[in-house]
Amino acid sequence: MQTNQKILLPKMGCGTWAWGNRFLWGYNESMDEELQAAFNLCVSSGVTLFDTGDSYGTGKLNGRSEQLLGQFSQQYQGANKDSICIATKLAAYPWRLTRQSMISACKASAARLGKNVDLVQMHWSTANYAPWQESALLDGLADLYEQGLVKGVGLSNYGPKRLKWVHRKFSDRQIPIVTLQVQYSLLSTYPVTELGLKDVCDELGIKLIAYSPLALGLLTGKYSENGSFPKGIRGLACKQILPGMRSLLECLREIAAFRNKTVSQVAINWCICKETIPIPGAKSAAQARDNIGALGWELDSGEIGELDKAAASVDKKMVQNIFQTR
């Protein structure tokens, strides 16, 4: 069997869903310089994990996020260059039916990155709608690891039952699952509080990655009920969720003021205190700097308790990913 290098995961990563996405995030090519500045600042500050997907980018820009990450990582010459870890998620598209389709997909991602993918992840489970499709795709992921084309394998949007099933499947081939990522934040505690995923991950030696730790910006404190909302789906989420999260925002603001931190930094730090790796997005150096301010300190148990209580009292939470399995 191929000897694979170890993946070193930092305390926090950076999500790149917005890089190339016009539909939800209003991306255009003029933003690339600012994205590169965000990338450079993250890496130099020890935020070396970048999460992407082969479906990231809209229309003609499909794969744009991977392309940009490839460009930026090749051009970067500063501290922590050797620690850069690019994690990509391969989509379980309906036309991907064989193990070879996943190998081809990963090779296409590597071509866009200009290097091998470090951590390859199954973007979602097909268990909810086409369970028969999944086995071959997972075999393909395992093949990538065995052939030394990736350093590690991870999953995304899996619940405990399905996770244990994949774990058994991979154990037969001695393939470790390095990470599992789910939507996790103060507005989306479901995967941990209701599905009990953290306990299962701890038991199986899998690191939990928290995507959308700022809940599409709702946990940054920058949107108010009377203010202007972002366009599209994000604006809709603001309209539906903001009125019911007043006490949570108040709690976040109080702790932020006391700690001399921003609301975002407190929300991200809460995820870190829950022993997950949050991957907040950053579209500019300023946003990256704000995210990085969540590192180097920790909320105390009293503050975590207050936030847990405030989060539990929110009447409308973030909608779960439709692909999230049980």
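# Exercises on a predicted model

Strand E6 (residues 177-183) and E7 run parallel and are joined by five bridges. The model used in these exercises is a predicted one.

**Exercise 1.** Work out which strands E7 pairs with, and where E7 stands in the sheet.

*Solution.* Begin with the side of E6, where the pairing with E7 is parallel and has five bridges; as an example of a matched pair, threonine 179 has lysine 207 in E7 as its bridge partner. Turn next to strand E8 (residues 277-278), which pairs with E7 over two bridges, again in the parallel sense. Here isoleucine 209 stands opposite isoleucine 277 in E8, while alanine 210 has proline 278 in E8 as its bridge partner. Now place these pairs in the whole sheet, which is open, has eight strands with parallel pairing, and follows the order E1-E2-E3-E4-E5-E6-E7-E8. Its edge strands are strand E1 (13-15) and E8, each of which pairs on one side only. Helix H6 (residues 160-171) packs on this sheet, where it touches strand E5 (152-156) and E6, and the direction of H6 makes about 165° with that of E6.

**Exercise 2.** Explain why E7 can be described as largely enclosed by the rest of the structure.

*Solution.* A residue is called buried when its relative accessible area is under 20%. Apply this to the strand: four of the five residues of E7 are buried, and therefore E7 is largely enclosed by the rest of the structure.

**Exercise 3.** Decide whether threonine 220 is buried or exposed, and describe its surroundings.

*Solution.* First locate the residue, which is in the loop between strand E7 (207-211) and helix H9 (232-241). Then compare its relative accessible area of 19% with the cut-off of 20%: the value is under the cut-off, so threonine 220 is buried. Next look at its side chain, of which a polar atom lies 2.7 Å from the backbone oxygen of glycine 217, and which also reaches the backbone nitrogen of lysine 222 at 3.2 Å. Finally, leaving aside residues up to four places away in sequence, threonine 220 touches Leu214, Val263 and Ser264.

**Exercise 4.** Find how helix H10 (residues 246-259) and helix H11 (residues 263-273) are oriented to each other, and which residues meet.

*Solution.* The axes of the two helices come within 8 Å and cross at roughly 100°. That angle makes H10 roughly perpendicular to H11. On the H10 side the contact is formed by Leu252, Arg253, Ile255 and Ala256, which meet Val263, Val266 and Ala267 in H11. Sorted by class, the contact has six nonpolar residues, no polar ones and one charged residue.

**Exercise 5.** Describe where aspartate 54 is found and what its side chain reaches.

*Solution.* Aspartate 54 is found in the loop between strand E2 (49-53) and helix H3 (64-75). With a relative accessible area of 6%, aspartate 54 is buried. Its side chain reaches the backbone nitrogen of alanine 91 at 3.1 Å, and a polar contact of 2.8 Å joins the side chain of aspartate 54 to that of arginine 96. Residues up to four places away in sequence are not counted in its list of contacts, which includes Gly63, Glu66, Thr88, Tyr93 and Arg112. As a last step, set sequence beside space: aspartate 54 and histidine 123 are 69 residues apart in sequence, and their C-alpha atoms are 9.1 Å apart.

How values were computed: Residues numbered from 1 in each chain as written. Predicted model: local features only at pLDDT ≥ 70, side-chain atom pairs only at ≥ 80, totals over all residues. Heavy atoms only, no water. Buried < 20%, exposed > 50% of the residue type's maximum accessible area, 1.4 Å probe, protein only. Polar contact = N/O pair within 3.5 Å; in protein donor to acceptor, adjacent residues only side chain to side chain. Contact = heavy atoms within 4.5 Å. Axes fitted to C-alpha atoms, helices over the stretch in contact; angles between N-to-C directions. Parallel < 35°, antiparallel > 145°, perpendicular 65-115°, else oblique. Nonpolar A, V, L, I, M, F, W, Y, C, P; charged D, E, K, R; others polar. Pairing = 2+ DSSP bridges.
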